[in-house]
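Here are a few exercises to work through with the model open beside you. Try each task before reading its solution.

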Amino acid sequence: MAEDFFQGYKGEALELLQKYNVRVWGAAEVETTRGNFTGTILPRAENDDKKHIVMKISTGYNIGIDTNTITGMKETGYKKANYKIPEKEFPYTEGLPHVKLLGTGGTIASRLDYRTGAVIPAFSPGELYGAVPELAEICNLDTEKIFAVFSENMGPKQYIALANKIGEEIAKGIDGIVIGHGTDTLHHTSAALTFMCQNLPVPVVLVGSQRSSDRPSSDAALNLMHAMTTAGHGNIAEVMVCMFGPTSDEYGLLHRGTRVRKMHSSYRSTFRTIGDMPVARVTRQGVVPIKDNFKPRRNDRNVNIIPTFDDRVTMLYYYPGMKPDMLDAITDNGYKGVIWVGTGLGHVNKEMYPAIERAHAAGVHQYMTVQTIWGYVHMFVYDTGRDMMAKGIIPAANMLPEVAWIKLGWALGQTHDREEVKRLMLTPINDETTEREPYNGYLVYQGGSPEVEDFVRKVRK
């Protein structure tokens, strides 16, 4: 057979396909020592190993079959697939809000490139309309690709560029802004934009997807529809994260940009508000507030863009037995800020004290957060906490560690004066610290207990 029929295959996998006359994109039955499989043979990524054949089974999922287990193969049909997202002209509808989608990367409305095994995002209005035609019923859409990076490659440079772009779009009269973003560091960016873009007149909504659009369980389309609904029709003019609420597709949740965290590596409902409640619930029909203390949409174009960041800031996650040379190295390398992530109420061992004093004397700004994620720093309770405050560490209440890191970098981008940095850090901008945690702000259920199992039986779909 022609080489084109074996895209990406080599070695033992290629030899098996040739032996049984089975082509890529061919419908096939595969017999193995672990059972029989039926589906479509897919191309291999160029850089993958030589010992697996990839098949898309009837559920829509892709599986890898070890060549050592295959005892027979039979091609039952052939139809070469086209995985390019169809592009259609995005229609303009009089009366619908005008939304701008800024792209940074991620898997929103994406497809799989079987040559490399990588996910390729669809991004033009036409591609998005072809992938999610319901968007045309929600808004008039413009798109602009600002970056095309994995979210782990987002950082201060990108935060500043996004903040400036948000200011430009608001000045032009946009009704709402959506930012497509990879999920891994989405909550870092939402915190940065909350501090850099204050007094917003329109919603700024960050959205991502846990599973790319070629997967049957993808959350990409629904998340995108919810984000567009929020940006175009919602009344909450803040930086928010829009992702799945429950594990089902009943609704999305809107999380305040400074109180949200990614809490599971693969669940679609991975983003949760920590120490508080989400701001609102969103469906395709609209936004329903959960909290009543949000900043409402306005008709003016006034916004405060403060795009500053000093990247000489780091986090130190304390662990038992940590040595003082860890902090000394940070100080010696010119860092200007440290966010401590301490145990319990905000503690580190006494062996660190001399290094803490040296860092303070060198002008390093040090703030304490907690490893428990939920709860507050309380450094007056034990002598350890009191000693550390005396040596220069400032408690950061219930600020999440990542948010504290972002805020300290933002503050140091404006000033290095100790009192002014402290004022900026401890003055809440949008609930990065709160006076108290509501009674339902800490909910972590344990499977197996009778009460939880009874609850799960009622809600599990």
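**Exercise 1. Trace the β-α-β unit and find its hand.**

Step 1. Strand β20, helix α6 and strand β21 together make a β-α-β unit, and this unit is right-handed. A crossover gets that name if, with the strands pointing away from the viewer, the path from the first strand over the helix to the second runs clockwise. Helices (H or I, at least four residues) and strands (E, at least two) are DSSP runs, numbered from the N terminus.

Step 2. A word on the source: this is a predicted model, in which local features need pLDDT of at least 70, side-chain atom pairs count only at pLDDT 80 or more, and totals for chains, interfaces and linings use all residues. Residues are numbered from 1 along each chain as its sequence is written, and side-chain values use heavy atoms, with hydrogens and water left out.

Step 3. Now look at how the two strands of the unit meet: β20 and β21 (residues 337-342) run parallel and are joined by 5 bridges. Y317 has V341 of β21 as its bridge partner.

**Exercise 2. Place T331 in the unit: is it buried or exposed, and what does it contact?**

Step 1. Find T331 in helix α6, which spans residues 325-332.

Step 2. T331 counts as buried because its relative accessibility is 16%. The cut-offs are under 20% relative accessible area for buried and over 50% for exposed, with partly exposed in between (1.4 Å probe, protein chains only).

Step 3. Setting aside neighbours within four places in sequence, T331 is in contact (heavy atoms within 4.5 Å) with A359, A362 and V364.

**Exercise 3. Work out the strand order of the sheet and find its edges.**

Step 1. The order is β20-β21-β22-β23, an open sheet of 4 strands with parallel pairing. Two strands pair if DSSP finds at least two bridges between them.

Step 2. β20 (313-317) and β23 (393-395) are the edge strands, each pairing on one side only.

Step 3. From one strand to the next, the twist averages 30°. For angles, axes are lines fitted to C-alpha atoms, for helices over the stretch in contact, and values run from 0 to 180 degrees between N-to-C directions.

Step 4. Add the helix that lies across β21, β22 (365-370) and β23: this is α10 (residues 418-426), running at about 25° to β22.

**Exercise 4. Check two loop residues that have a positive phi.**

Step 1. Start with I373, in the loop between β22 and α8 (383-390). I373 is not a glycine, yet its phi is positive, at about 70°. With a relative accessible area of 14%, I373 is buried.

Step 2. Move on to A397, in the loop between β23 and α9 (401-412). A397 is also a residue other than glycine, and its positive phi is near 55°. A397 is partly exposed, as its relative accessible area is 26%.

**Exercise 5. How many disulfides does the model have?**

Step 1. Apply the rule: a disulfide is a pair of cysteine sulfur atoms within 2.5 Å.

Step 2. The count comes to 0 disulfides.

Step 3. Look at two cysteines for context: C139 is buried at 0% relative accessible area, and C242 also counts as buried, at 0%.
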